[in-house]
Amino acid sequence: MSGGSGCPFGPGEGVPAEHSAEQAHRDFSRSLSYGDYLHLDELRSAHQPVTEAHDEHLFIAIHHVSEVWLSLIVRELQAAMALLEGGITDAPLKMLTRVVRAQEQLTAAWDVLRTMTPADYLQFRSAFGQASGFQSQNYRMVEFLLGNRNPTLLGPHAHRPDLHGPLLAALHAPSVYDLALRLLAARGLNVPAEVLGRDVSRPYVADPAVLDAWLTVYRDPERHWDLYELAEKLVDVEDNFRRWRFNHLTTVERTIGFRRGSGGTSGVGYLREALDTVLFPELWDVRTHL
Ligand code: HEM
């Protein structure tokens, strides 16, 4: 078996028996190469440590890969949400599965970053001033799409209309959970009008009637299979989000202890508070009442 068909950059169909590298295309003076297609020069040029500290490379690389995963998650979430407006089909569920897998990669990055000791970190800490993941537009977008909304978090992007505009739009659009509640209602389950017509720019507040509606779904999954599948997919997403937050928190604590964050918050205290955020409250409560 050639095994080449799975990779778009691999040897391709019809690889001769000897599998020689001689067979590979080697003149890219006039055709698109791997590096051209992926803009690897730009990618490499984004990697710019400002100190001689060995671990600054790791620090930058982990942030870069995290931003790439976050940006994929934003795309997949937005696409899934657009489709969910029309109902639950396999396509948005598949996209949510991809979100879950990408979150796992995001969380796995902490295992690599944890190899950096506080002393390693302090060698370059002064290099990035007030920069902080707190200012990650991709991360805020994920939070806003999932429903964790707070206009204060728009602040760091006020000077960049290209970043601020999409966040503001997401703040005023239904979250993925708002869409799920509309789907519950469309199926004839009782979701109060004030929940459906709520100000979506505000954080969602749990509602007993919504809990009852999800209980109906969870007590008879076969009958409401698509809603059940969507609900469990959302629980996967929130579960993974919590894991990322927890790993961030412990990595931060073991690296900077209880110092203030570069972004200006209290640091560990601020991140600990965020651990209490609940995005889809009734989907967690339903477990207690089954
Ligand atoms: C040792 C490495 C790291 C340290 C010491 C650290 C520290 C912190 C601190 C203290 C905060 C609170 C805000 C502030 O700066 O005042 C924060 C927020 C944040 N960091 Fe990190 N961080 C690290 C690595 C990362 C990485 C690799 C990412 C990946 C993108 C990241 C993403 C974020 C995000 C998204 C927030 C905002 C969280 C929220 O508002 O709930 N951090 N970080």
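Colleague: What makes helix 6 largely enclosed by the rest of the structure?

Modeller: In this predicted model, eight of the 10 residues of helix 6, residues 137-146, are buried, so the helix is largely enclosed by its surroundings. Those residues are Gln137, Arg140, Met141, Val142, Glu143, Phe144, Leu145 and Leu146.

Colleague: Which helices do the buried residues of helix 6 pack against?

Modeller: They pack against helix 3 (54-84), helix 7 (161-171), helix 8 (176-186) and helix 11 (225-256). Just after helix 6 comes Gly147, with a positive phi of about 110°.

Colleague: Helix 3 is on that list. How does its reach compare with what is expected at 1.5 Å a residue?

Modeller: Helix 3 has 31 residues and reaches 46 Å from its first C-alpha to its last. The expected span takes 1.5 Å times one less than the number of residues, and for helix 3 that gives 45 Å, so the reach is close to the expected value.

Colleague: And which residues of helix 3 are buried?

Modeller: Among them are Phe59, Trp69, Leu70, Ile73, Leu77 and Leu84, and also Glu56 and Glu76. The buried residues of helix 3 pack against helix 4 (90-113), helix 6 and helix 8.

Colleague: Which residues touch the most other members of the largest nonpolar core?

Modeller: That core has 43 residues, and Ile73, Leu77, Val142, Leu145, Val176 and Ala180 touch the most other members. Helix 3, helix 4, helix 6, helix 8, helix 10 (208-219), helix 11 and helix 13 (281-289) each supply at least two residues of this core. Helix 3 gives the most, with eight residues. As a general background, in soluble globular proteins nonpolar side chains tend to be buried together.

Colleague: What is Ile73 in contact with, leaving aside neighbours within four places in sequence?

Modeller: Ile73 is in contact with Val99, Ala102, Gln103 and Val142. Val142 is one of the buried residues of helix 6.

Colleague: Let's turn to the record. Why is His248 called buried?

Modeller: The cut-off for buried is 20 or more other C-beta atoms within 10 Å. His248 has 20, so it meets that cut-off and counts as buried. His248 lies in helix 11, and UniProt lists it, in an unreviewed entry, under "binding site".

Colleague: Which other residues does UniProt place under "binding site"?

Modeller: Tyr121 and Arg125, again from an unreviewed entry. Tyr121 is in helix 5, residues 118-122, while Arg125 is in the loop between helix 5 and helix 6.

Colleague: Why does Tyr121 count as partly exposed?

Modeller: Tyr121 has 18 C-beta neighbours inside 10 Å. Buried needs 20 or more and exposed needs 12 or fewer, so a count of 18 falls in between and Tyr121 is partly exposed. Arg125 also has 18 other C-beta atoms within 10 Å, so Arg125 is partly exposed by that reasoning. Leaving aside neighbours within four places in sequence, Tyr121 is in contact with Asp55, Met116 and Thr255.

Colleague: What about Pro281: why is that residue partly exposed?

Modeller: Pro281, found in helix 13, has 16 other C-beta atoms within 10 Å, which again lies between the two cut-offs, so it is partly exposed. The C-alpha atoms of Pro281 and Leu153, 128 residues apart along the chain, are separated by 22 Å.

Colleague: Now the ligand. Which residues come nearest to it?

Modeller: Of the 24 residues around the ligand, Ser132, Gly133, Gly261, Gly263 and Thr265 come nearest. Helix 3, helix 11 and helix 12 (268-274) each supply at least two residues of the shell, and helix 11 has the largest share, with five residues.

Colleague: How many residues of the shell around the ligand are nonpolar, polar or charged?

Modeller: The shell has 10 nonpolar, 14 polar and no charged residues. Gly counts as polar, so Gly133, Gly261 and Gly263 are in the polar class.

Colleague: Finally, how many helices and strands does the protein chain have?

Modeller: There are 13 helices and zero strands. Of the 290 residues of the protein chain, 23% count as buried. The C-alpha atoms fill a box of roughly 65 × 55 × 35 Å, taken along the principal axes.

Colleague: And what share of the contacts with a separation of 6 or more links residues 24 or more positions apart?

Modeller: Such residues account for 67% of those contacts in the protein chain.

Notes. Residues numbered from 1 in each chain as written. Predicted model: local features only at pLDDT ≥ 70, side-chain atom pairs only at ≥ 80, totals over all residues. Helix = DSSP H or I, 4+ residues; strand = E, 2+ residues; numbered from the N terminus. Contact = placed C-beta atoms within 7 Å. Near = placed C-beta within 6 Å. UniProt positions renumbered as here; feature names shortened; annotations may be inferred. Core = buried A, V, L, I, M, F, W, Y, C linked by C-beta atoms within 7 Å.
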